[in-house]
Amino acid sequence: MNFGQSFRLAVKSLMTSKMRSLLTMLGIIIGVAAVIIITSLGNGMQNYMNDQFEEMGSNLIQAQVWTTGTSLDIQAEDMYALVEKYPQYLSGVTPYKTVQGTVRQGNDEFKRTSVYGVGETFYNIDKNTIMTGSSMGQGRFLSYVDVERAQPVCVIGAYIEKEAFGGDALGKTLTVSGAPFTVVGVLAQNGDNSEGSSDDCIYIPYTQADRLSQGSYYALYMFTSIDRSTAAAAKGIVENRLLKAYHDSDYYLVMTSAEMMDAMDSMVNLLMAILTLIAAISLLVGGIGIMNIMLVSVTERTREIGIRKSLGAKGRDIRSQFIIEAGTTSAIGGSIGIILGIIMANVITNVIALVLGTGNDGFVAMPTLQGIGVAFGVSVAIGILFGYLPANKAAKLNPIDALRYD
Amino acid sequence: MEHLIEFRDIYKIYQMGEEEVHALDGVSMTIDPGEFVAIVGQSGSGKSTAMNIIGCLDVPTSGTYHLGGIDVSTMEDDQQAEIRNKMLGFIFQQYNLIPKLNVQENVELPLLYAGVSAEERHERAVRSLERVGLADKRKNLPSQLSGGQQQRVSIARALAGNPSVILADEPTGALDSRTGREVLTFLQKLNAEGDTVVLITHDNSIAVKAKRIIRLQDGKIIYDGDSQDPQAVVQPHEEESSEDDGFAALIGEGVEG
Ligand SMILES: Nc1ncnc2c1ncn2[C@@H]1O[C@H](COP(=O)(O)OP(=O)(O)O)[C@@H](O)[C@H]1O
Ligand SMILES: [Mg+2]
């Protein structure tokens with residue numbers, strides 16, 4: 001029958017008994033809020049991880065090669081040659097060595113600072129950036145000569161410049177594992193300039209790094225592909241070259257950051273799917289709550305149904321009235337749930353920012369339009385689905401008995 | 001002339017365990033347009049059953065019922081609903097207004113189910129309420145009106161759909177005698193304006209306000225004729241019918257006071 005009147009009647013009867021309406025809608029409210037919170041968290045997590053990768057560079061390819069100590073071992077020169085041979089895929093390569101060692105400047109000790117040994121090709125002169133994305137601030141990057149002669153020089157991140165040297169670092173000295181290094185360049189700020197971030201780093205010639213950490217079982221090479229889309233092909237080229245050298249794929253491992261990003265994304269997606277499913281169960285419970293209250297409502301309004309039928313309402317008129325009522329109830333519940341979910345997502349964002357001390361550009365639990373749409377759609381659908389049984393019961397009432405009921 | 005209502009040998013039989021109850025036991029009668037008929041009888045005589053069948057709320061066990069020339073005795077529920085909507089206007093003892101809807105919305109209901117546009121619904125409901133003199137109470141809820149006013153709203157609702165028959169089931173039963181008389185006078189006025197009215201009552205003093213009386217007993221018609229004929233108000237087994245104080249009221253003086 002008339003949608004507008006059914007809708008108004010539904011809202012009216014919801015308003016007349018607010019407590020009962022709230023209890024009826026509680027399951028839907030909780031379920032929808034949970035779905036919104038979970039999808040917001042998932043979305044936020046994905047955005048956060050993507051940002052981290054983006055900061056690092058999405059066109060990076062890492063090749064990890066086990067050292068055998070024999071003539072079989074691949075040399076840095078072989079990797080340089082590979083880049084020269086395939087310029088349409090690879091734009092650069094450098095040895096990349098993580099150094100375990102304490103960084104000191106004066107009396108200060110920097111425990112969370114990352115120290116890497118790299119080659120001069122880690123820096124791209126044309127783009128004025130290093131492979132992991134930061135650009136040069138002051139001074140220069142490591143040079144060919146620095147690397148060849150294993151000079152004790154370093155390039156430092158913006159955080160170290162600020163914290164260790166008070167903003168004036170060029171020409172000054174710091175120590176890594178006791179060995180002194182002279183600062184020749186400072187990187188521009190890239191991350192949020194906090195401890196442990198991508199600005200808390202030191203680059204030294206990889207030839208120096210070899211000396212600082214001897215007896216390493218593997219060598220690491222960092223390639224850059226032209227862009228993210230050529231990463232897969234570039235990875236194949238590197239793998240082919242390594243297979244040619246070792247004849248056994250167990251000796252090396254090549255990973256692209258694009259792949260890692262995708263792997264992380266699908267992991268987060270899977271986690272979200274599972275959590276959403278759990279939230280959906282509470283939606284189901286909400287639906288049963290609606291069905292229950294609708295059955296009560298049909299009984300309470302038996303006489304009304306009889307009156308309507310005596311005035312000419314057909315079965316389908318009565319059915320649609322109750323279905324619209326159930327749908328309206330769950331839609332209102334769903335809307336409340338959406339608002340609650342968005343508020344909760346904001347609260348969680350603020351709590352995480354507070355706990356991690358990351359400030360505003362850290363993790364943000366961002367509700368997705370899609371998540372909101374699905375949650376609303378599902379809640380209306382559940383109302384209609386679980387409203388059908390009571391509505392059908394009402395539609396089938398015998399008008400004589402219904403009129404006599406009180 | 002074609003009859004508006006025509007019962008041909010109508011039976012309504014209820015099976016109560018072993019025993020069969022003949023609520024209507026071979027009833028034949030006709031009612032023509034413009035008539036004002038009261039169906040009377042003691043409790044259990046079959047009035048409600050007759051009213052349910054006339055009102056297309058129920059179907060007979062056997063026999064045929066033509067309403068406005070259409071055989072409605074074997075119809076499905078939804079077809080019956082449509083007939084009720086188009087041809088019948090009900091007035092109930094308990095008014096049967098929907099408490100959550102205001103007066104206007106209540107009166108519009110039959111038009112809503114007839115698929116009439118919102119604008120026309122409004123207009124016809126207002127006209128109908130003007131006929132019962134309650135146009136100024138349009139926005140009130142039924143609970144804000146007196147019993148007599150509520151019954152007038154239910155009459156307005158019955159009139160709104162412009163029905164062929166107005167079917168009133170004990171319309172004064174819940175009212176005090178003065179308002180009851182007003183409602184009866186109003187039904188007489190409607191009849192004078194051309195509406196066909198069928199009144200169901202157990203009370204002779206009310207039945208005599210109609211032009212014609214059909215008296216039922218044990219599911220059979222025992223009198224059918226002019227309401228002013230002395231035979232019309234003769235109630236058989238009067239000593240048994242303690243519930244039926246209407247007749248007593250008529251001969252003795254006011255039992256209900
Ligand atoms: N649904 C039913 N089931 C069984 N018997 C019924 C039913 N309805 C009415 N009866 C019986 O039919 C007879 C007539 O009832 P009814 O039409 O209600 O009479 P009235 O309205 O004149 O009091 C009564 O004996 C009553 O018990
Ligand atoms: Mg009765």
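How do strand 1 and strand 2 of chain B pair, and over how many bridges? They run antiparallel, with strand 1 covering residues 5–16, strand 2 covering residues 19–31, and 10 bridges between them. Two strands count as paired if DSSP finds at least two bridges between them.

## Ground rules

This is a predicted model, where local features need pLDDT of at least 70 and side-chain atom pairs count only at pLDDT 80 or more, while totals for chains, interfaces and linings use all residues. Residues are numbered from 1 along each chain as its sequence is written, chains are lettered from A and ligands numbered from 1 in the order in which they are written, and side-chain values use heavy atoms, with hydrogens and water left out.

Helices (H or I, at least four residues) and strands (E, at least two) are DSSP runs, numbered from the N terminus. For accessibility, "buried" means under 20% relative accessible area, "exposed" means over 50%, and "partly exposed" is anything in between (1.4 Å probe, protein chains only).

## The chain B sheet

Back to that hairpin. There are 2 residues between strand 1 and strand 2 of chain B, and B:G17 in this hairpin has a positive phi near 65 degrees. If you want a cross-strand pair to click on, B:E6 sits opposite B:T30 in strand 2.

The hairpin belongs to an open sheet of 4 strands in chain B, ordered 2-1-4-5 and antiparallel in its pairing. Strand 2 and strand 5 (70–71) are the edges, each pairing on one side only. Strand 4 (residues 62–67) and strand 5 of chain B are joined in the antiparallel sense by 2 bridges, and B:L67 has B:I70 in strand 5 as its bridge partner.

## Two residues with positive phi

Most residues other than glycine have a negative phi. Here are two that don't. B:D9 has a phi near 50 degrees and is part of strand 1 of chain B. B:D9 has a relative accessible area of 41%, so it counts as partly exposed.

The other one is A:N128, with phi near 60 degrees. A:N128 is in the loop between strand 6 (123–124) and strand 7 (129–130) of chain A. It counts as partly exposed because its relative accessibility is 30%.

## Chain A from end to end

Chain A splits into domain 1 (3–53 + 263–404) and domain 2 (60–226); the bounds come from an automatic or database domain assignment. The C-alpha centres of the two domains are 54 Å apart.

For a residue-level view of distance, take A:L385, which is in helix 11 (residues 369–395) of chain A. Its C-alpha is 66 Å from that of A:A76, and the two are 309 residues apart along the chain. A:L385 is classed as exposed because its relative accessible area is 62%.

## Where the chains meet

The contact (heavy atoms within 4.5 Å) takes 24 residues from chain A and 23 residues from chain B. Together the chains bury about 2,200 Å², with 58% of it on carbon and sulfur atoms. A:L311, A:K314 and A:I400 supply 26% of the area chain A buries against chain B, more than any other three residues. Buried area here is the accessible area (1.4 Å probe) that two parts lose on being put together, summed over both.

As for polar links, the rule finds 2 salt bridges across the interface, where a salt bridge is a side-chain nitrogen of Lys or Arg within 4 Å of a carboxyl oxygen of Asp or Glu. One of them joins A:E304 and B:K100, whose closest N and O atoms are 4.0 Å apart. On the chain A side, the elements giving two or more residues are helix 1 (3–16), helix 9 (302–310), helix 10 (315–356) and helix 12 (399–404). Helix 9 gives the most, with 6 residues.

## Two buried loop residues

A:T230 lies in the loop between strand 13 (218–225) and helix 7 (231–246) of chain A. With a relative accessible area of 15%, A:T230 is buried. Leaving out residues up to four places away in sequence, A:T230 touches A:Y89 and A:S225.

Over in chain B, B:D195 is in the loop between helix 6 (177–192) and strand 8 (196–201). B:D195 is buried, with a relative accessible area of 15%. Beyond residues up to four places away in sequence, its contacts include B:R131, B:L159 and B:P163.
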